[in-house]
Amino acid sequence: MFKALLVFCCLISGLVLAQETPLPSDEAQSAPPQPAAPPAPALDNVVIHTAMGDIAVALEKDRAPITVKNFLHYVDTKRFDGCNFYRAVAIGDEGKYGMLQGGPRADPKKVFAPIAHESPLATGLSHVDGAISMARLAPGTAKAEFFIVMGNLTALDGKPDGTDPGYAVFGHVTSGMDVVHKIMGLPRDPVAGKESGMVGQMLAQPVKILTVRREAK
């Protein structure tokens, strides 16, 4: 009698366990495993301290390593200190699009050798609002001059057929676009830039870049 009662209790216990632990559904059994999310690209952060306020920038050192290394070389050797934002190119009449350019303006005491060109077609970066990119003449001539984009100017990314490699985007503004807009709104010199076809693009009073420093982690 005791043995029969023990068997009966075991059966009841197994039934309750089965009821409390449902089997996985066919859908769950057949669902493929989800791929792991790709790691976020590594960034280096710098702050451009200007006479009109600070502009914080995240540099895409994974996707544009040559350009970021070059930019940080200027930062770490303090060669941007005392330079200016001197050129403000307005595109259109609505004030939504433009480019703000700064740097040492080919000062032979401050510039290093030119660097290889990193096209947006290869890096996947784009000239969207707040992008920072290198100024240049021919590809492979960029040294220290850089510009910040106001509004989406993706035509600067180049052409898929390779006839235009675009300009080398290497980061984006994370805060301080209000400072960019304020500088873009300053008066232009009516004569400066005539020799280079940039009349109406040069600021009457360039804005001093006090320092550019890596952001403390």
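Author: In this account, helices are DSSP runs of H or I with at least four residues and strands are DSSP runs of E with at least two, both numbered from the N terminus. The model is a predicted one: local features need pLDDT of at least 70, side-chain atom pairs count only at pLDDT 80 or more, and totals for chains, interfaces and linings use all residues. Residues are numbered from 1 along each chain as its sequence is written, while side-chain values use heavy atoms and leave out hydrogens and water.

Reader: By these rules, how many helices and strands does the protein chain have?

Author: The protein chain has five helices and eight strands. Their order from the N terminus is α-α-β-β-α-β-β-α-β-β-β-α-β.

Reader: Where does R105 lie in that order, and what is notable about its phi?

Author: R105 is in the loop between β4 and α4 (120–123). R105 is not a glycine, yet its phi is positive, at about 55°. Most residues other than glycine have a negative phi. K78, in the loop between α3 and β3, likewise has a positive phi, of about 60°, without being a glycine.

Reader: What makes R105 a residue that lies over the face of Y86?

Author: The rule requires NZ of Lys or CZ of Arg to be within 6 Å of the ring centre and within 35 degrees of the ring normal. R105 is 4.2 Å from the ring centre of Y86 and lies over its face. The charged end of R136 is likewise placed over the ring of Y167, 4.4 Å from its centre.

Reader: Why does D44 count as buried?

Author: Buried means under 20% relative accessible area, exposed means over 50%, and partly exposed lies in between (1.4 Å probe, protein chains only). D44, a residue of strand β1 (residues 43–50), has 10% relative accessibility and therefore counts as buried. Buried residues make up 38% of the 217 residues in the protein chain.

Reader: Why is D76 called partly exposed?

Author: D76, in helix α3, has a relative accessible area of 44%, so it is placed between the two limits and is partly exposed. In space, D76 is 7.4 Å from R213, C-alpha to C-alpha, although 137 residues separate them in sequence.

Reader: How do you know that D76 and R214 are joined by a polar contact?

Author: A polar contact needs a pair of N or O atoms within 3.5 Å; within protein, one must be able to donate a hydrogen and the other to accept it, and residues adjacent in sequence count only if both atoms are side-chain atoms. The side chains of D76 and R214 meet at 2.8 Å, and those of D44 and K61 at 3.4 Å. Both distances are within 3.5 Å, so each pair qualifies.

Reader: What makes F71 and F170 a tilted pair?

Author: Rings of Phe, Tyr and Trp (its six-membered ring) pair if their centres lie within 6.5 Å; planes under 30 degrees apart are stacked, over 60 edge-to-face, and the rest tilted. The whole structure contains eight aromatic pairs. In the pair of F71 and F170, the centres are 5.1 Å apart and the planes 45° apart, so the pair is tilted. F71 belongs to helix α3 (residues 65–76) and F170 to strand β7 (residues 169–175), 99 residues apart. Both are buried, and ring pairs join them with Y74, F80, F85, F112 and F146 in a cluster.

Reader: What distinguishes a cavity from a pocket?

Author: On a 1 Å grid over the protein atoms alone, a cavity is a set of points where a 1.4 Å probe fits but cannot get out; a pocket is an open set with protein on both sides within 12 Å along at least five of seven lines, and lining residues have an atom within 4 Å of a point. Points are joined across faces, edges and corners, and a volume is the space filled by probe spheres set on them. One cavity reaches 30 Å³ or more; the largest cavity has about 60 Å³, and its lining includes A116, R136, G140 and Y167. The largest pocket holds about 650 Å³. Among its 23 lining residues, Q101, A135, R136, L137 and E145 are closest to the centre.

Reader: Which classes make up the lining of the largest pocket?

Author: Ala, Val, Leu, Ile, Met, Phe, Trp, Tyr, Cys and Pro count as nonpolar, Asp, Glu, Lys and Arg as charged, and the others, Gly among them, as polar. The pocket lining has 13 nonpolar, four polar and six charged residues.
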